[in-house]
Amino acid sequence: MTPPLLPPRPHDSHKGQLGHVGIVGGAPGMVGAALLAGRAALQCGAGRVTLGVLDAAVHVDFCAPELMFAPPETLVNDPSLTVLAIGPGLGQTRAAVDLLQVALRHPGLLVIDADGLNGLAQHGDLAEACARRTAPTLLTPHPGEAARLLHSRTDAIQADREQAARQLTATFHAWVVLKGAGSVLAQPDGAVSINASGNPALSAPGMGDVLTGMLAAFLARLPPADALRLAVWLHGQAADDAVADGLGPEGLTASELIERIRHRLNANAATADFTHQA
C-alpha cells in the first residue's frame, strides 16, 4: 500500500502546525458558500479557519462556532495566512474585484474559485497579475468558468477537456482542476491526470464551495499537486460512499457531504485512484 497522501499527525501536534486558512467571499445572499467552504476546511483538519464575509451582518456560524471571522479587507492583507482562498459567494461588485486584486498580491498559497474566477475572466489586468504570481496558485473552474477564462465556449471546453486544462495552467501559471465527470487535474509542468471518483450527486449546489475548503486545508500541509489530488479524489469518494448508503444521488446536499468527507479521510486517504494521461 502506498503511504497516505496526508501524513498522520504527530502525537504532540498543535493547531499551529496545521495551517491557518483564510476564506474570502459570502456577499449578501450568498453567505452559505463561504460557510460551507469554512466548515469543509475545518473538517479536513485545518488548524485555524478565518472567514472574511462581505455580508457585514454575519459574525458567527452557530453550526461551526470554531470558525473565526475578520473583515475581508483585513483578511486578504494578512501575511500570516498559510493559505488564502477567494471566491465562494464573492459576487461581482466593485468591492469584490478590489478584494481579488489584493488577494493576487498575497505572498502565500492562493485558491481561486467561483466569482474569483469570473473576476479573472472579466479583468485582463487581474489575469495578468495571476500569471505573474510566484507563490503557488490553484484554480477550480467548472466548464462554464473555464470557457470564460479562455474566452472560448463551454462546448469547446468539453470537447477536449484535457487540452483546456493544459491551456489554463499555461495561461495562469497555476495548478488547475477542471471540474466535471472525470475532473481533469493539470500542473504547470504539463502533467495531467483524470480523477476516477465521484457521481452525479456532486452536481448539487455548494459542492464546489466544499471542494475549495478542502483544497485550502490540504494545501496547508501538502505540496500543491498532492493537495489537489487528495481533495478532488476525496470529494468524489465521499459522494460515492453516500450513494452506496442510499443517500444519493438525488437530494444529497453539500452540508451532508462534509461529514462523509471527514469519515473517509480518517478511514483511508491512501487509495486515490487516477488514470494518468500524457
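1. Let's start with the packing. In this predicted model, the largest nonpolar core holds 55 residues, and M214 and F218 have the most contacts inside it. Helix α10, which runs over residues 224–244, gives the most to this core, with 10 residues. A good place to put your viewer is F218: leaving out residues up to four places away in sequence, F218 touches L6, C44, A227, L230, A231, L234 and L265. Apart from this core lies another one, of 42 residues, with A27, L54, L81 and I86 among them. As background, nonpolar side chains in soluble globular proteins tend to be buried together.

2. Next, the largest pocket. Its volume is about 570 Å³. A total of 28 residues line this pocket, and K179, G180, L202, S203 and H235 lie nearest its centre. Three helices give two or more residues to the lining: α6 (143–149), α9 (207–219) and α10. Of the elements, α9 gives the most, with four residues. Sorted by class, the lining of the largest pocket has 11 nonpolar, 13 polar and four charged residues.

3. The second largest pocket deserves its own look. Here the volume is about 420 Å³, and 20 residues form the lining, with R39, L42, Q43, C44 and R262 closest to the centre. Helices α1 (31–43) and α11 (254–267) are the elements that give two or more residues to this lining. The most comes from α11, with six residues. The lining of the second largest pocket divides into 10 nonpolar, four polar and six charged residues. C44 links this point to the first one: C44 is one of the residues closest to the centre of the second largest pocket, and C44 is also among the residues that F218 touches.

4. Now for the enclosed space. How many cavities of 30 Å³ or more are there? The count comes to one, and the largest cavity has a volume of about 50 Å³. The residues lining this cavity are L90, G91, Q92, A96, V97, L100, D115, N118, G119 and Q122. Helices α3 (94–103) and α4 each supply at least two residues of the lining, and the largest share, four residues, comes from α4. By class, the cavity lining has four nonpolar, five polar and one charged residues.

5. Helix α4 merits a closer view. Seven of its eight residues are buried, so α4 is largely enclosed by the rest of the structure. The buried residues of α4 are D115, G116, L117, N118, G119, L120 and A121. Among these, D115, N118 and G119 also line the largest cavity.

6. Within α4 (residues 115–122), I would single out N118. Is N118 buried or exposed? With a relative accessible area of 8%, N118 counts as buried, because the cut-off for buried is under 20%. The side chain of N118 makes a polar contact with the side chain of R148, at 2.9 Å. Setting aside neighbours within four places in sequence, N118 is in contact with Q92, E145 and R148. Q92 is, like N118, one of the residues lining the largest cavity.

7. Two further helix residues are worth a click. A146 is found in helix α6, and A146 is buried, with a relative accessible area of 0%. Which residues does A146 touch, not counting residues up to four places away in sequence? They are P141, I157, L168 and L178. For a sense of distance, A146 and L67 are 79 residues apart in sequence and 31 Å apart in space, C-alpha to C-alpha.

8. The other is T212, whose place is in helix α9. T212 is buried, with a relative accessible area of 1%. Not counting residues up to four places away in sequence, T212 touches A85, P88, V111, D113 and T140. The helix that holds T212 is α9, and α9 is also the element that gives the most to the lining of the largest pocket.

Notes. Residues are numbered from 1 along each chain as its sequence is written. This is a predicted model: local features need pLDDT of at least 70, side-chain atom pairs count only at pLDDT 80 or more; totals for chains, interfaces and linings use all residues. Side-chain values use heavy atoms; hydrogens and water are left out. A nonpolar core is a set of buried Ala, Val, Leu, Ile, Met, Phe, Trp, Tyr and Cys residues joined through side-chain atoms within 4.5 Å. Buried means under 20% relative accessible area, exposed over 50%, partly exposed in between (1.4 Å probe, protein chains only). Contact means heavy atoms within 4.5 Å. On a 1 Å grid over the protein atoms alone, a cavity is a set of points where a 1.4 Å probe fits but cannot get out, and a pocket is an open set with protein on both sides within 12 Å along at least five of seven lines; lining residues have an atom within 4 Å of a point. Grid points are joined across faces, edges and corners, and a volume is the space filled by probe spheres set on the points. Ala, Val, Leu, Ile, Met, Phe, Trp, Tyr, Cys and Pro count as nonpolar, Asp, Glu, Lys and Arg as charged, and the others, Gly among them, as polar. A polar contact is a pair of N or O atoms within 3.5 Å; within protein, one must be able to donate a hydrogen and the other to accept it, and residues adjacent in sequence count only if both atoms are side-chain atoms.
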